[in-house]
Amino acid sequence: MIFPSLLDCFGKRKHVPQYHHSTHKSQLTTDHSESTSEDPTSPGNSEGRKFQMISGRRFNNEQDVAYILPNDDTEADRLHFQHWAIKYTVGGLYMAPMYDMLEKGIRVVDAGCGPATWTFEMAKDYPNSNFIGLDVSFVFPEIIRPPNVDFHICNISKEIPFEDDSIDYYHQRLLVAGLNEDDMKLSLESAYRVMKPGGYIELGEVLIGDVENKGPKTTIINTLMITVIKKKGLNPDIGLLIGDLLKEVGFENVFFEKRPVPIGHTNKAGELWWEDYVELCRSLRPVVAMTNPIYEDPEIYEEFIKSVEGECAENKTNLYYCMAYAQKPLKEHL
């Protein structure tokens, strides 16, 4: 399937300064083009290295990839924060009953690994196990990595490059912005094929459309997120389906939970999820500016984001995080 680009979803706009924020530094730069290129700093072939620049942010430009968020260093910073937020929400790095197997030594896939925060932490905690990160873009470390970690460029909606019955544990989360319902099912079917009988799969997704106690400013951001996602043919609440999809594919012993996630209030999880949410807001500034040109000014937009934070804290706004894990049957049902 050929997906429309982010520009196709909303049309081109005039060039405006872009505010970049990361955990390292913030700076104001001006991007004078929406360009398409390949990363000249990365070795090897061009697979996973095609990108386009939009308002100073780098996005994947593979024609068969629906992923709508950037794949630059600022986005990697956001994904690091997101990892800690999920870890706090879940109460650890995983929910499936995997401890004994991981300690003994198994083969683990992290699908959609991004900058590999989960992959690296798991590899450190379980040195007897081997971890393989899969992503559609080169956003993971290519040189410095633990000895029990490897990476592959892979579009999991097409095919997972492993033999049948070869993976013990398959981990995948937060692909609401990258997989539509059909592709999600295809990816789970591929996961089923490569997993060993008795192995576990674990999924996690944030619900974008289901936001509790949102005020008018939060509604603006949330509505735009939903619009961008739907224009790409994606389901903003695909997390509600992950338990049923696991059953449809053939997994058994399915566990599913929908857990509230505070945004900017209540506890440490709320602080961490706000850091994740605010970077999503910054990523959406070019889109917000299309609906209200005043937000072409980065400083004005930053003030808007601060007001969203106050609104979320006052209203006790919550997102929801859906978690599921399941097991491949030890024997195929006749």
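**Cavity and core in a predicted model**

Tutor: In this predicted model, the second largest cavity holds about 120 Å³ of space.

Student: What makes this space a cavity and not a pocket?

Tutor: A cavity is a set of points where a 1.4 Å probe fits but cannot get out, whereas a pocket is open. The space of about 120 Å³ is listed as the second largest cavity, so the probe fits there and cannot get out. By the rule with a cut-off of 30 Å³ or more, the count is five cavities.

Student: Which residues line the second largest cavity nearest its centre?

Tutor: I86, V90, H171, E202 and Y321 do, out of 17 lining residues. Two or more residues each come from helix 2 (73-90), strand 9 (167-173), strand 10 (195-212) and strand 12 (318-327). Helix 2 gives the largest share, four residues.

Student: How do you know how the lining divides by residue type?

Tutor: Tyr and Ile count as nonpolar, Glu as charged, and His falls among the others, which are polar. Sorted in this way, the lining has ten nonpolar, four polar and three charged residues.

Student: Why is Y170 called a member of a nonpolar core?

Tutor: Core members are buried residues of listed types, Tyr included, joined through side-chain atoms within 4.5 Å. Y170 belongs to the largest core, of 67 residues, and is among those that touch the most other members, as are I156 and I201. Helix 8 (residues 268-283) gives the most to this core, with eight residues.

Student: Which residues does Y170 touch beyond four places away in sequence?

Tutor: Among them are V109, A111, I156, I160 and I201.

Note on methods. Residues are numbered from 1 along each chain as its sequence is written. This is a predicted model: local features need pLDDT of at least 70, side-chain atom pairs count only at pLDDT 80 or more; totals for chains, interfaces and linings use all residues. Side-chain values use heavy atoms; hydrogens and water are left out. Buried means under 20% relative accessible area, exposed over 50%, partly exposed in between (1.4 Å probe, protein chains only). Contact means heavy atoms within 4.5 Å. On a 1 Å grid over the protein atoms alone, a cavity is a set of points where a 1.4 Å probe fits but cannot get out, and a pocket is an open set with protein on both sides within 12 Å along at least five of seven lines; lining residues have an atom within 4 Å of a point. Grid points are joined across faces, edges and corners, and a volume is the space filled by probe spheres set on the points.
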